[in-house]
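Grab a coffee and open the viewer: here are some short exercises to work through with the model beside you. Try each task yourself before you read the solution.

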Amino acid sequence: IAAEIMAKYRGEFKCFYEEKDAIGKRYRRMDALGVPFCVTIDHQTKEDNTVTIRYRDTMQQERISIEDIGRIVNEKIK
């Protein structure tokens, strides 16, 4: 699932893929790099085609449809 998402958005956004360490450590690393959004695939993703998107500046997280990733990121960066 992650590979499909990366392939879809790699040409549109700068994307990083990471699966090393616990999610909290990954979020901290991405925050330090200045990555504004993190998209997390988990066990629920296979069940309902949703992911968690985390916003660096507010640390807010929300569950969104995989199909909405591009639209939401584009809305937030404009």
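The exercises below deal with a predicted model, and each one comes with a worked solution.

**Exercise 1. Find out which strands pair with S2, and in which sense they run.**

Solution. Start with S1, which covers residues 37-40. Four bridges join S1 to S2, and these two strands are antiparallel. Now turn to S3, residues 61-65. S2 and S3 are also joined in the antiparallel sense, here over five bridges. To fix the register, look for residues that stand opposite each other: Thr-40 faces Thr-52 in S2, and Val-51 has Ile-64 in S3 opposite.

**Exercise 2. Decide how many residues of S2 are buried, and sort them by face.**

Solution. S2 spans residues 50-55, and six of its six residues are buried. For the sorting step, recall that side chains in a regular strand alternate between the two faces of the sheet. One side of S2 holds Thr-50, Thr-52 and Arg-54. The other side holds Val-51, Ile-53 and Tyr-55. Both faces are covered.

**Exercise 3. Describe the surroundings of Thr-40: is this residue buried or exposed, and what does its side chain contact?**

Solution. First, place the residue: Thr-40 belongs to strand S1. Next, take its relative accessible area, 14%. The cut-off for buried is under 20%, so Thr-40 counts as buried at 14%. Then look for polar partners: the side chain of Thr-40 makes a polar contact with the side chain of Tyr-27, at 2.9 Å. Finally, list the contacts, leaving out residues up to four places away in sequence: Thr-40 touches Ile-23, Tyr-27, Thr-45, Val-51 and Thr-52.

**Exercise 4. Work out which residues make the nonpolar surface patch, and place Ile-41 in the chain.**

Solution. The patch is made by Ile-1, Val-39 and Ile-41, with an area of about 190 Å². Ile-41 sits in the loop between S1 and helix H3 (43-48). Its relative accessible area is 33%, so Ile-41 is partly exposed.

**Exercise 5. Locate Asp-21, Asn-49 and Met-59, and give the phi value of each.**

Solution. Begin with the background: most residues other than glycine have a negative phi. Asp-21 has a positive phi near 70°. Asp-21 is placed in the loop between helix H1 (2-9) and helix H2 (23-33), and is partly exposed at 34% relative accessibility. Asn-49, also not a glycine, has a positive phi of about 55°. Asn-49 lies in the loop between H3 and S2 and is partly exposed, with a relative accessible area of 43%. Met-59 takes a positive phi near 60° in the hairpin of S2 and S3, where five residues lie between the strands.

**Exercise 6. Determine which residues Gln-61 contacts beyond its sequence neighbours, and how exposed Gln-61 is.**

Solution. Gln-61 is part of strand S3. With a relative accessible area of 45%, Gln-61 is partly exposed. Set aside its neighbours within four places in sequence, and the contacts of Gln-61 are Tyr-27, Thr-52, Ile-53 and Arg-54. As a last step, take the C-alpha atoms of Gln-61 and Val-39: these residues are 22 residues apart along the chain, and the atoms are separated by 9.5 Å. Tyr-27 is a name to mark in your viewer, as it contacts Gln-61 and also touches Thr-40.

How values were computed:
Residues numbered from 1 in each chain as written. Predicted model: local features only at pLDDT ≥ 70, side-chain atom pairs only at ≥ 80, totals over all residues. Heavy atoms only, no water. Buried < 20%, exposed > 50% of the residue type's maximum accessible area, 1.4 Å probe, protein only. Polar contact = N/O pair within 3.5 Å; in protein donor to acceptor, adjacent residues only side chain to side chain. Contact = heavy atoms within 4.5 Å. Patch = residues over 30% accessible without salt bridge, like charges linked within 9 Å, V, L, I, M, F, W, Y side chains within 5 Å. Areas by Shrake-Rupley, 256 points an atom, 1.4 Å probe, with all protein chains shown as cover. Salt bridge = Lys/Arg side-chain N within 4 Å of Asp/Glu carboxyl O. Pairing = 2+ DSSP bridges.
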